[in-house]
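Q: Could you take a close look at one helix for me, and tell me which side chains are tucked away and what covers them?

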Amino acid sequence: MKKRVALVLGSGGARGYAHIGVIEEIERRGYDIACIAGCSMGAVVGGIYAAGKLDEYRNWIESLDYLDVLRLVDVSFRLGAIRGEKVFGQIRKIVGEINIEELRIPYTAVATDLTNQQEIWFQEGCLHQAMRASAAIPSLFTPVMQGNRMLVDGGLLNPLPIVPVVSSHCDLIIAVNLNATNQKHYQLPVIQRPPAFKSRFNSLARSLGSHLPFRRKQAEQLMKLEQEALQHAHAAEINPWLESAEPESQQPAAAPEKAGAPKSATGSFIIDNVGPASLLDLINQSFEVMQTSLAQYKIAGYPPDVLINVPKRVCRFFEFYKAPELIALGREIARDTLDKYESEQG
């Protein structure tokens with residue numbers, strides 16, 4: 001007889017794509033997902049799964065490259081950088097008009113009511129609106145208004161909503177935490193992108209460079225520095241965003257002696273590649289720090305039977321163009337975690 005699973009999908013921005021890989025591995029092993037609770041991207045993936053449309057959603061997000069994601073950005077100048085109408089409009093097309101009580105399994109989406117300063121559980125009503133409210137990441141997506149209530153991302157209060165499934169009486173609770181800090185041996189897999197993507201990106205870079213040469217030089221130097229930092233982090237198995245380098249590595253290199261080497265600093269500029277690159281990045285990093293701490297409290301208060309930890313260092317909050325890599329990583333971590341659980345159970 002199949003074991004019935006209560007699945008909890010946490011918040012974590014783009015890392016939420018890893019939930020898809022986790023679900024695939026759980027089903028591959030013959031477990032029966034009997035109910036689901038999610039927050040932010042966990043609510044989106046969980047809701048789409050409960051509606052039976054996960055394959056269609058996966059096909060769509062895996063087809064998106066960096067430029068496609070940029071096209072989905074509908075800029076807002078009020079209470080959030082993005083209105084989200086393009087993204088969630090596409091999700092609405094995939095899922096259709098459906099209420100939560102019509103789903104094939106019980107489902108809970110967790111949001112935060114800023115007006116009344118409390119956690120909200122959506123367990124009935126419009127699925128699309130519940131997912132949109134739960135995923136209204138502060139500073140990134142504009143809030144959702146419901147009457148006089150302003151609703152934002154549930155991760156503000158509960159980034160890993162285990163409590164909604166405790167009363168489900170399933171055989172085991174599996175929780176997926178997207179803000180882990182103790183999984184340093186996992187790396188984001190390298191998946192070859194179609195050649196068309198590179199040519200499109202290079203074309204755009206040339207176009208921008210012809211109009212903004214100085215800005216392009218800055219961008220190229222930033223990309224080069226970021227790649228070098230990531231290579232260094234991979235070799236040392238550290239988090240390049242949270243841990244500083246050793247003092248010796250911060251010392252300037254010896255002056256070059258090649259002919260034609262510059263002897264003046266005139267025209268140079270300083271690039272601060274240590275802290276957040278923008279106010280939006282600063283807010284998102286602060287949000288992630290808070291979520292990481294809150295998730296640990298939720299796990300301690302209601303320990304799940306199986307905890308699948310996805311390291312938060314594998315990608316940044318808003319890198320939504322990395323769906324194939326994150327899905328593969330989620331599947332890998334779920335496989336290793338469930339292997340360990342099953343071996344311990346005998």
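A: Here's a walk around helix H3, with a short stop at a surface patch afterwards. Keep in mind that the model is predicted, so local features need pLDDT of at least 70 and side-chain atom pairs count only at pLDDT 80 or more, while totals for chains, interfaces and linings use all residues. Residues are numbered from 1 along each chain as its sequence is written, and side-chain values use heavy atoms, leaving out hydrogens and water.

H3 spans residues 54-62, and its buried residues are Leu54, Tyr57, Arg58, Trp60 and Ile61. Looking down the axis of H3, these fall within an arc of 165 degrees (taken from the directions from the helix axis to the C-beta atoms), so they line one face of the helix. That fits the general geometry: an α-helix has 3.6 residues a turn, so residues three or four places apart point the same way. On the other side of H3, Asp55 and Asn59 are exposed. Buried here is under 20% relative accessible area, exposed is over 50%, and partly exposed sits in between, using a 1.4 Å probe and protein chains only. Helices are DSSP runs (H or I, at least four residues), numbered from the N terminus.

As for the cover, the buried residues of H3 are in contact (heavy atoms within 4.5 Å) with, among others, helices H1 (18-28), H2 (41-50), H5 (85-95) and H11 (323-345).

Now the surface stop: Val75 lies in the loop between H4 (66-71) and H5. Val75 is partly exposed, at 45% relative accessible area.

Notes:
Helix = DSSP H or I, 4+ residues; strand = E, 2+ residues; numbered from the N terminus.
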